[in-house]
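Thanks for coming. I will put the model on the screen and then go through a few parts of it.

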Amino acid sequence: MYCPARKFGIVTEIMRRVIGQVEALLSWHSRINVIRFDCHFPQGWKNDHKLENKVMSAFTKMLKSKLRTKQWLGHDHVITGWSYEVGEENGNGHYHFFVGFEALYRRLGSFEGGIYTGLYGLIKDCWKRVIGGHIHFSKSRIVKRSNVTQIHQCVRHLSYIAKDVTKGFGSGCTAKNYALSRLKPKPKSESTDMKGVQFSDCAGALAE
């Protein structure tokens, strides 16, 4: 899928699954938080795509495990996704990542002046424990099931993960370029009020 306004393409399979996971989470909870960020490896890291896949899997597992604890209010339904980004200048890659969960917190925390608190501190600590490096946070989103505008904004925000311009597809690498959670929708749930979200509308626009 091509986005003329931004001259970027979208990997439709990634975008469909991202939207599907947002829909699934909203079938369980009427209000959710979604945080998007970039995972960077330590300085001097030599690209090893298969090893990086293992690192991303370990990070995802640790973050989900922490969110399920009482300290973080016991989230039973968490969605995640990551995609590989090839460095445009020096070829060094990093990973786009998102996590979504029920909106239970008054504040998610902050990451001002190099001080990370709350959920941002948790994410940074998990990444540090797994590999080191640093995290660059984007905007977080709060989404209400009944608010079509917020749903559109969230999907647009997450579309950055699905842009194809720097994914490195067709490079001959056998490692994964992306991975997403597989949360299933709530059985026999009522309508999630997402009828206003059309894949063709949402997937064509890259996030800021």
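I will take one helix, then one arginine, then one pocket.

This is a predicted model, where local features need pLDDT of at least 70, side-chain atom pairs count only at pLDDT 80 or more, and totals for chains, interfaces and linings use all residues. Residues are numbered from 1 along each chain as its sequence is written, and side-chain values use heavy atoms, with hydrogens and water left out.

Start with helix α3, residues 118-130. Helices here are DSSP runs of H or I with at least four residues, strands are runs of E with at least two, and both are numbered from the N terminus. The expected span of a helix is 1.5 Å times one less than its number of residues. With 13 residues α3 should span 18 Å, and its end C-alpha atoms are 19 Å apart, so the two agree.

Buried means under 20% relative accessible area, exposed over 50%, and partly exposed in between, with a 1.4 Å probe and protein chains only. The buried residues of α3 include Leu119, Leu122 and Trp127. Contact means heavy atoms within 4.5 Å. The buried residues of α3 pack against β3 (31-40), α2, β5 (94-102) and β6 (134-144). Just after α3, glycine 132 has a positive phi of about 95 degrees.

Now to strand β6, where we find arginine 141. Is arginine 141 buried or exposed? Arginine 141 counts as buried because its relative accessibility is 19%. Leaving aside neighbours within four places in sequence, arginine 141 is in contact with Ile32, Asn33, Val34, Gln153, Cys154 and His157.Last, the second largest pocket takes its largest lining share, 6 residues, from α2. On a 1 Å grid over the protein atoms alone, a pocket is an open set of points where a 1.4 Å probe fits, with protein on both sides within 12 Å along at least five of seven lines, and lining residues have an atom within 4 Å of a point.
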